[in-house]
Number of protein chains: 2
Amino acid sequence: MLTERTRVRRRSGRGSYDPDLIHAILDEALVSHVGFVVEGQPYVIPTLHARIDDRLYFHGAIANRMLAALRDGVPACVTATLVDGIVLARSAMHHSLNYRSVVVLGTAVPVTEGDEARRALHALVERVQPGRAAHCRPPSEAELSVTAVLALSIEEASAKIRTGPPVDDADDHRLPYWAGVVPLRTVPGVPEPDPALAAGIPFPAAR
Amino acid sequence: MLTERTRVRRRSGRGSYDPDLIHAILDEALVSHVGFVVEGQPYVIPTLHARIDDRLYFHGAIANRMLAALRDGVPACVTATLVDGIVLARSAMHHSLNYRSVVVLGTAVPVTEGDEARRALHALVERVQPGRAAHCRPPSEAELSVTAVLALSIEEASAKIRTGPPVDDADDHRLPYWAGVVPLRTVPGVPEPDPALAAGIPFPAAR
């Protein structure tokens, strides 16, 4: 939803309020950065998130400072960013990054209903590796009792996206400098088994 | 510098206040997330940063909302995060990420001295690609006049790091689930030349 607070102002052509696009960026980003204010000081903490429909979920130990602050119902900002490439221009000025980012504003609420908390924790494990929730021991009652789950409605949100080649001034096109984009992507490496892993347990293929 | 505000509380064994480590993480992270508060609402915006000694620099158009807010001398939080791997545990509860993150608290100041602004912009271009500042047209006076450069002292800062295998409960070690770490890294793809690139200009090797 577009509000005056989420309206993309600079380079507004890069802004979008399309829920499908916002959801897709949130689903691709492995971590988001959560902003909240304590005694006038903003804090920005990286965290794993999971989306179910139009709600974002976070979890952590009950004693976690960020979750404790958010549980108090303070305004929050959750930002997820995917860096897609570096943009090399002929002029220093027009160097840039290609990226897709989402900003969600709102107030988080504790998830107290057991089924919703279980679904959120299931989704959080699935974020780490798709299909993983079926290949590990689910949380016990004791574990659930020390885990805080928070939800934030994806209502007041915007996306901002830069794609494509550099935008140099026409006068600079004659300069003898390479210009273009170097795409970036995150790739998994060779799995490193836990030193205590029992013999004969294969690495699970992602779903 | 360790203060009560930057002390790592949860899993304090993962915290560090070593300037060399803090600098190394900031130098490796291509973007950081800048938190600031406007009318009680926190905002978290991804941005390119560059470090020179113990100062972090940011830049953008004079009209940029984030820079305008920060120029007013409001408290800020700059967080840079590197996700190094996904941690697959035998229990849902102990799934995690390996990461290195830095949180810097402080108040940004506008860089008004021309030489310092030029050095900062030089460093910002070098962040996009090492060696690049020598292979593009430097900023003109007109470009400098519409570019805001801000500096934040890396004084009140902390790092938080998770490395290594999952930490499962001893009782779970007998479970038939794969456990370990899948390392993640960001890799460049094949450079995509600007459609308007003149013939015969080779892609510059990074320094």
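**Exercise 1. Identify the residue that stands opposite Ala50(B) in S5(B), and place the pair in its sheet.**

Solution. Ala50(B) has Tyr57(B) opposite it in S5(B), where strands are DSSP runs of E with at least two residues, helices are runs of H or I with at least four residues, and both are numbered from the N terminus. The next step is the pairing itself, for which DSSP must find at least two bridges between two strands: S4(B) and strand S5 (residues 55-61) of chain B are antiparallel and joined by three bridges. These strands belong to an open, antiparallel sheet of four strands in chain B, with the order S4-S5-S9-S8. Its edge strands, each of which pairs on one side only, are strand S4 (50-52) and strand S8 (109-110) of chain B. Finally, H3(B) lies across S4, S5 and strand S9 (147-153) of chain B and runs at about 130° to S4(B); axes here are lines fitted to C-alpha atoms, for helices over the stretch in contact, and angles run from 0 to 180 degrees between N-to-C directions.

The model is a predicted one, in which local features need pLDDT of at least 70 and side-chain atom pairs count only at pLDDT 80 or more, while totals for chains, interfaces and linings use all residues. Residues are numbered from 1 along each chain as its sequence is written, and chains are lettered from A and ligands numbered from 1 in the order in which they are written.

**Exercise 2. Determine which strands pair with S2(A), and what the backbone does at Glu39(A).**

Solution. Strand S2 (residues 31-38) of chain A is largely enclosed by the rest of the structure, because six of its eight residues are buried; a residue is buried if 20 or more other C-beta atoms, placed from the backbone, lie within 10 Å of its own, exposed if 12 or fewer do, and partly exposed in between. S2(A) is joined to strand S3 (residues 41-48) of chain A by eight bridges in the antiparallel sense, and His33(A) has Pro46(A) as its bridge partner in S3(A). S2(A) also pairs with strand S6 (residues 75-88) of chain A, again antiparallel, over three bridges, with Val78(A) as the partner of Val34(A).

The loop comes next. Most residues other than glycine have a negative phi. Glu39(A), which is found in the loop between S2 and S3 of chain A, has a positive phi of about 50° although it is not a glycine. The hairpin formed by S2(A) and S3(A) has two residues between the strands. Glu39(A) counts as exposed, because it has 6 C-beta neighbours inside 10 Å. In chain B, Glu39(B) likewise has a positive phi of about 50°.

**Exercise 3. Decide whether Arg100(B) is buried or exposed, and list its contacts.**

Solution. Arg100(B) lies in strand S7 of chain B and is buried, since 22 other C-beta atoms lie within 10 Å. Leaving aside neighbours within four places in sequence, Arg100(B) is in contact (C-beta atoms, placed from the backbone, within 7 Å) with Ile25(B), Leu82(B), Asp84(B), Ala159(B) and Ile161(B). Arg100(B) and Arg162(B), 62 residues apart in sequence, have C-alpha atoms 6.6 Å apart.

**Exercise 4. Describe how chains A and B are related, and what chain B contributes to their contact.**

Solution. Two copies of a chain are related by a rotation about an axis and a shift along it. Here chain B is superposed on chain A by a rotation of 180° with 0.0 Å of shift along the axis, at an RMSD of 0.0 Å, the fit being by least squares on the C-alpha atoms of residues with pLDDT of at least 70 in both copies. That is the relation of a two-fold axis. The C-alpha of chain B nearest the axis is that of Thr186(B), at 2.1 Å.

The contact takes 82 residues from chain B and 82 residues from chain A. S11(B) gives the largest share of the side of chain B that touches chain A, nine residues. By class, that side has 54 nonpolar, 16 polar and 12 charged residues; Ala, Val, Leu, Ile, Met, Phe, Trp, Tyr, Cys and Pro count as nonpolar, Asp, Glu, Lys and Arg as charged, and the others, Gly among them, as polar.

The last step concerns strand pairing between the chains: two bridges join strand S11 (residues 180-188) of chain A to S12(B) in the antiparallel sense, and Val181(A) has Glu192(B) as its bridge partner.

Methods: Contact = placed C-beta atoms within 7 Å.
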